[in-house]
Each structure stands twice: as structure tokens, then as C-alpha cells.
Amino acid sequence: MTTTTEATTASHGRVGDSPLRPDGTLKVTGEFAYASDLWHDDMVWGVTLRSPHPHARIVGIDIAAALAVPGVSAVLTAADVPGANAVGLEHLDQPALADGVVRYQGEPVALVAADHPETARRAAKRIVVEYEELPAVTDPRHALDEDAPLVHANGNLVRKMQIRRGDADPTAPVVVALDFEVGMQDQAFLGPESGLAVPAEDGGIDLYVATQWLHVDQTQVCRVLGMPPERVRLHLAGVGGAFGGREDLSMHVHACLLAMRTGKPVKMSYSREESFFGHVHRHPAWLRYEFGAEEDGTLVYAKADILFDGGAYASSTGAVVGNGGTLGLGPYRIPNVHVDARGVYSNNPPCGAMRGFGCVQAAFAHEALMDELADQVGIDRVEIRALNGMREGDENITGQLIDSAAPVAELIRIVRDMPLPAERPADPDIRELPGGVSNTTHGEGVVRGVGYAVTYKNVGFSEGFDDYSTARVRLDVTGGEPVATVHTAAAEVGQGLITVEQQIARTELGVEAVVVHPKDTSVGSGGSTSASRQTYVTGGAVKAACEAVRDAVVARAAGMLQRDAADLHLSGGKIVDATGEVLAGLADVVGDEGVEETVEWRHRPTEAIDPVTGQGNAHVQYAFSAHRAVVDVDVELGLVKVVALDTAQDVGKAINPDAVVGQIQGGSAQGMGLALMEEIVVTDGKIRNPSFTDYLIPTILDMPPMKIEVLEYADPHAPYGVRGVGEPPTISSGPAVAAAIRAATGRALRRVPVRPEHITGV
Amino acid sequence: MRIELTVNGTRREVDDVWEGESLLYALRERMGLPGSKNACEQGECGSCTVYLDGLPVCSCLVAAGQAQGREVTTVEGLADGEELHPVQQAFIERGAVQCGFCTPGLIVSTHDLLERNPHPSDPEIREALAGNLCRCTGYEKILDAVRSAAESKR
């Protein structure tokens, strides 16, 4: 049986270095075991039957014809769920299998296991589900209307948040306003939802799965199976990208249900089409903003009304509303604030976490309006951001003190001052023009534009959430050499956490060899690989556990050497004194039994905000970034080529500078994608483009070269001074691209993705 | 049905292949070669790229039966024993690998590009790799890796 990835060791590299990934060789040779690669001699394949309707009553399900198909070993419906048929990250509002009603197109209704995936798919088509269609909420702007159909019995509001600060009825000499609309983006990770559930001899189950948070999955799977956590063991299989789309359950419970019923290992692996129905998306949003300012551009007030379409189930809509509300005015000093943010249920596809989480949508609106304000008062678009940009020591709109670096003005000026790309040559390479190899122009009708944007994003879980990570660190001597083993349950999804864990252990323990134990639930929770938090929080936990190991080793050495522990240090695999003189080998101190410590580590607590005023210390840390986009637009055909996408970001401390740059590059591409091309088109509650033929993500021809400047203003409250890295680039890149297209075309462009017809006006 | 083909230099006989199976499925699920990846299975992402008689193809779009009697080289067949191919080495060293799901297809496509054009310009690299989607890297480090691999072959 092939299961999860092997324990990974690798070579040198401490905090601040850029050692190579320990899983790199496995990944370039095709040997790395992703969730969809898992295999077992006796396994059968599971598939899902999904609802064709956005809203319908299930009148009856007849599984007889499916069960009769040769090779089929199980067909399950809601009636077969042994525990509570309810899952969900914030609210248990979603059934594992639809029970009596379906609330979105694609909702799982039944499961089939068979000896071949095609057999299972064909059998699933023979399940007869009789539906009675119900009126559906397909326009979330009417979800709260008096006469709107109810998606859930308790009403269609998931969460409303309001922020009230300063003068309730402010006025200003300059007023600008706009309405903005953001389409539904998909995470489009390349590794489809997959996993292998293996029944165990103790009556429990082992689930190998690609996910972002093993322990929150475990809790949900246990509830549905009606089994205690010690019998539901989760193991992280290789993860082919995540970006928020693996926070909610997909095939987890389904594979376990089929495995428990058949007594066999069950593999499930979604097709790309099913993947579009099998995970939540980024919330589409409708935003209405108004800024009031002095004649010189200094902001006096800001008002915002933000609506997020949560779709059929809540997922993390509440937290997205929280971010949209608390962060939705951008990184600016605004004395008077009036924000209403709402998330609603509809019968559209469920929406939840995606990189940037509630800030991405808002940034398109506040940055477009900031440009509008600059033009209105007649000052430079960069300087208006510098003028109004948040600074350390300010309070933000929830009254939270910004108590570490907030270099808004510096970041936006850095990107402005970077060299601009060369003018388009008289005879350009068509691959560098809008339309590219389609050969639609040789430069005629092409206009260049430049746009700027700046953002800030919270790092870690907020609003009083008990956000922690657990690390178990062990120091052994193997073959005479000290070896550290780091065990956390924090998911490596491609970002490079395993490299960072090794770097921290090497730094703190002074050893070279560091083994990263496979990620599983046999150690405490690592929290979610979300919210740009793992280097901060799990990094903090690994650091703390290493310190505990170091203290134990030093205490032991102090006893052996008859020295004061305060004088002893670990370096190069030795016990040394303050001058670096070697006093003992680690092997002599650690002995055969090794030293092991487990630490649960927490960052500074956050707090719930006041429900009336929206005031409170909602967030742990803020991360800032700025982008400048340069675009060439074929104004006759409405085609765009991004020529340059340059950025500056404060990362506090770059634990692994190469990986930091990789996050900034990849994150910027996703933001650019939303501005230009990425949208799940939903009409009447149905997804019209569930494929990579029709849902476009940037290719290597679409991405421009990027200039990147990384600032390191250490956050004194965070381990090593780190600041979360992964999300800000996805937030500020898109609005910069949109601004550049506006600059090139002179069009208002109040919706993203910007489509050709928006540019041409046809 | 049974198919016979040569994979990474070894003759293989594969039994019980259903006529509707793709070469990708047969490689992954019947021959123990899951290196070629199943990201879209409709020829859009390039993650399943393999050589078929020396030409790169999306193995998800080739019926397994079409590979009868032919030669297939997958990502698993590019290293020389323990020694990585320069393209593989460059992807590791240049940080072109994050989640890595696109990597096998990009390795094969880059291998093919450099066989045909040992010193490609940036626009040539971009055009050659336009059929390989990557969601993690923004492609910059992939370009670095291709340039570096080309340089190392000089």
C-alpha cells in the first residue's frame, strides 16, 4: 500500500537562509505521494451522486438499479449516516449527504463504491432520485427580501457586522462614491480532492487525505461517523495546492462511510468538473463605498456597505464578513467610519475561504475609490495613499492600536520608484502583446496604463478564536550524530512549512539533521494552514518546543558537568560555553533515551468586537503590501496583457527568503487572475463553466516579470519578528491591474473580472 | 483487453484494461506510475504530459489502447538512476516547485523544449510551456529553472 509521504529529512539551512525543500527530489521525479496517488491492493473506488437542482425537495431515492450493477459493493444515502448528519466550519448547517432537500446544484445526495471508478460512475447514474423543485434564491441581493424563499429555516442572514466610529453624520468638502461588483473566484488548486479511507482492525478508520487542517476534519468526521477521535485517525496525504479550498470537508466523510460499509479501503478522487462542485469558492461581493475628504485629500470619513453571497451553506462566511467589515476600508487613517457587512444564504454554490479572505473583494472597491478621490482633489494617486496611509501607533477603524510597522507610504512609493518596463518596441514580439499568439494585433490599438494599489490583511485567526498550534520535538542520537525530529499536524500544502520547521529546529537546537515527521492526528492540532498563519503560529510552537528540549538538555548537561545551566549553549551538535569552547558532545548528554517535549503555543489573544460599534482588538497582526501594474490594452478588442506587476511587502522577518518570494509571485498571479479572467459563471443557481477549458487561470504567457522588494520590519510580538506572507499579494495585485486598465482605457470598470466587452463598451 | 507497450525502456503487458481508460489512468492505476498527474483530465493543464514515441502528449487524451506497441516515457523515466536530469535539478534549485502537482508535466515539457531548442529565449519558453498550468508559483521561478537548465547544458 502506498499512503502518505515519508518522513522528510534534509540538509542545511537556518532561519534566514533559503535551504531547498526536503520534498523537492520526490516532486521532480514523480515519486511524491499525493492524495490522488494513494493505492491499496484491496481498494474499491467511491463516487458521489450530486444534485442537478439549486433547490429541491427529495421525494424519493431508489438505489436498487445501482446496487444491481456488477462490481458495485455499496450505495449509500442520508439514511445510512450513523452519527449526526451535519458538518460545517462555523455552523453545523450542512448535511454530509442531503436529507430530504438539496440547497445547491452539486450537493452530494448518494455515494457508490465499486471495483472500477467507471463502474461506480455508471451505477451512480442508475440511482433514481425524484425531486420536486423549489423556488430558489439565486440573486443574493434579494436574499433578505420579505418574500425571499428560505434557504434555511432560521432565515437567510448568515452574519451582519457593523462598524461605527466617530461622527455619526460626518460631512466633507469632497465626496466620492462608487458601486463595485466582484465575481466568484475558484481556488483552482491542481491536485483534485482525493483520499483513501482504510478500515482498521480496532473498528476505527485511518483516513489519508489532502487538507488544510487535520484536526478540524477529524472532529467533523467523528461527528458524522458517531465515533470517538481515537478511532478516527487522519494522516496528511500529499497536497496539490489548497488556497482555502480545502478548509471544508469534501470526500472525507464519504470515503469513510463507504469504507465502514464495505470493510474495504475506499479511494475517492474528484474529476476537475466535480472539483468545481466539491469545494467552496471565493464569495462574490457587491460593494457600495463613499469617501469624504478635505480639499487636500485627507480622509474625513468612509462609508461602506458590503454584501457577500455565502451560497447554500455557511462554511466560513461569518469570518469572511468579519474580515470584510473590520478590514474593508483598507490600510488608511479614517476618523469617522460607518460600515455594514453582511453575508447571506442563497441557493448558489457555497462560498468560503480563499486566499485573501474577505479583503480581496473590498480592496477592489477601496482602491478604485482612492484613485477617484486623488483625481477629484487633483493629487497624485500614489501620494494620496501615502498621505492617508496607516502608520505605526495609529488606531485602525475598530480602535485597535497598530503596534508594529505599518509602512503604507513607504511601500507604495517603493513600487512607484521601481524602473518602468521599456516602451513597446516598434516591431514587438506578438507573444508580448494583448492577444499574444492569436496574432490579433501588432501594436495598433494598444494603449498602455499604470495602476497602483495597497492593502493590509490580518494574520492568524481573529475575533477571540483560540488560535494555537502544537509541536512535539525530539532530540535523539543516531549513529553518534544528534538528530532532531519535529512533529506537528500543521498541513504542508506546497508553501514550504516543512522547510521552515527544519530551519527553526536547526537554529534553536544547533543540529544539522532534522526529520519532519509525517503530519497526522497523533499529535495535537496545528491549526489551519490558512490566514497566512503557519510560519507564525506553528513556527512559534516549534520554536517553543525546541527551547523546551534545549532547556532540558542543558539542565541535564549542567548536572553532568557541574556547571551553571545559564552558561551552557547548544551549537554544532555540542554543549559549549559562552566562549564557544566544547564541553561535551550532545550524544553524551542525550543518551539512548533522547529528550522530547511537546508544547501548545498561542499568539496574543484577540477579542470579539462590540456588536454595536464594531470596536475591539479583533486581530493578531497586520501585513501590508503594495503593487504597481503596467498593462497594454487592445482597446478595440478588449484584450489585456499585463506587462509588469511589481510589488513591495513587509514580511517582518523572512525565515526563508526564497520561499517568501515564491509566495509573493504565486499570490500576485491569483490576484491578477481575478482582475482579468477568473470567474465561476453562475446563472439561475447553476455553474456554467466547471472546467479548465472555460474557467481560465493565468498561464506562463499571461504572467509578466515581477520586481519584488521585501522589507523586514520585525514585529516585536511575533516569533523571530515574522509577519504572515501568503495573502497580501493576492489582495493588492488585482486592484492594481484593474486600475492600470482604467488608466489605459479611461473606462470606470466597476466590476471584476474585467471582460473584453467592458473595455470595448460593445 | 490486454495492451503491450514499452514504458521507460521496459516492455510492459497490462491486462484487464477497459477500452475507455486513458493512458494516464493505465499508467497511474495499472502500472504503478502515478508520477503523471490527473489535474484536469481534459488536456488543459499539461500535468499528465508524457512522451509517446518521442512526442509530448497529454496522456489523459490518449486512450490506453492507442499506446499499444508504442514507446512511452514518463517523468519517472527521466533521471539516470539516482542522478537527476539537469531539468529536474534546476527545478529544485530554483525553487520552481511548491505544491509540485504541475511539476511532472512541466519537467517533461521543459525536457522536450530543451531537446528541440537548447537555448530558448524567454518568449520561446513561455510559448512552449503555455499548456502547463501552475497555480502556486506565478511561473517566475519556473522560467528561472528553465533558463538555468538550458545554461547547465551549454
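**Exercise 1.** Work out how many residues of chain B are in contact with how many residues of chain A, and describe the side of chain B that touches chain A by class.

*Solution.* Begin with the count: 45 residues of chain B are in contact with 47 residues of chain A, where contact requires that the C-beta atoms of two residues, placed from the backbone, lie within 7 Å. This is a predicted model, in which local features need pLDDT of at least 70 and side-chain atom pairs count only at pLDDT 80 or more, while totals for chains, interfaces and linings use all residues. Residues are numbered from 1 along each chain as its sequence is written, and chains are lettered from A and ligands numbered from 1 in the order in which they are written.

Next, find the helices (DSSP runs of H or I, at least four residues, numbered from the N terminus): H2 (86–93), H3 (103–116), H4 (122–128) and H5 (140–152) of chain B each supply at least two residues of this side, and H2(B) gives the most, with four residues.

Finally, sort by class: there are 23 nonpolar, 13 polar and nine charged residues, with Ala, Val, Leu, Ile, Met, Phe, Trp, Tyr, Cys and Pro counted as nonpolar, Asp, Glu, Lys and Arg as charged, and the others, Gly among them, as polar.

**Exercise 2.** Describe how domain 1 of chain A meets domain 3 of chain A.

*Solution.* First, the bounds, which come from an automatic or database domain assignment, are 2–32 + 468–602 for domain 1 and 285–462 + 608–760 for domain 3 of chain A. Then count: 18 residues of domain 1 are in contact with 22 residues of domain 3. Lastly, H12(A) provides the largest share of the domain 1 side, six residues.
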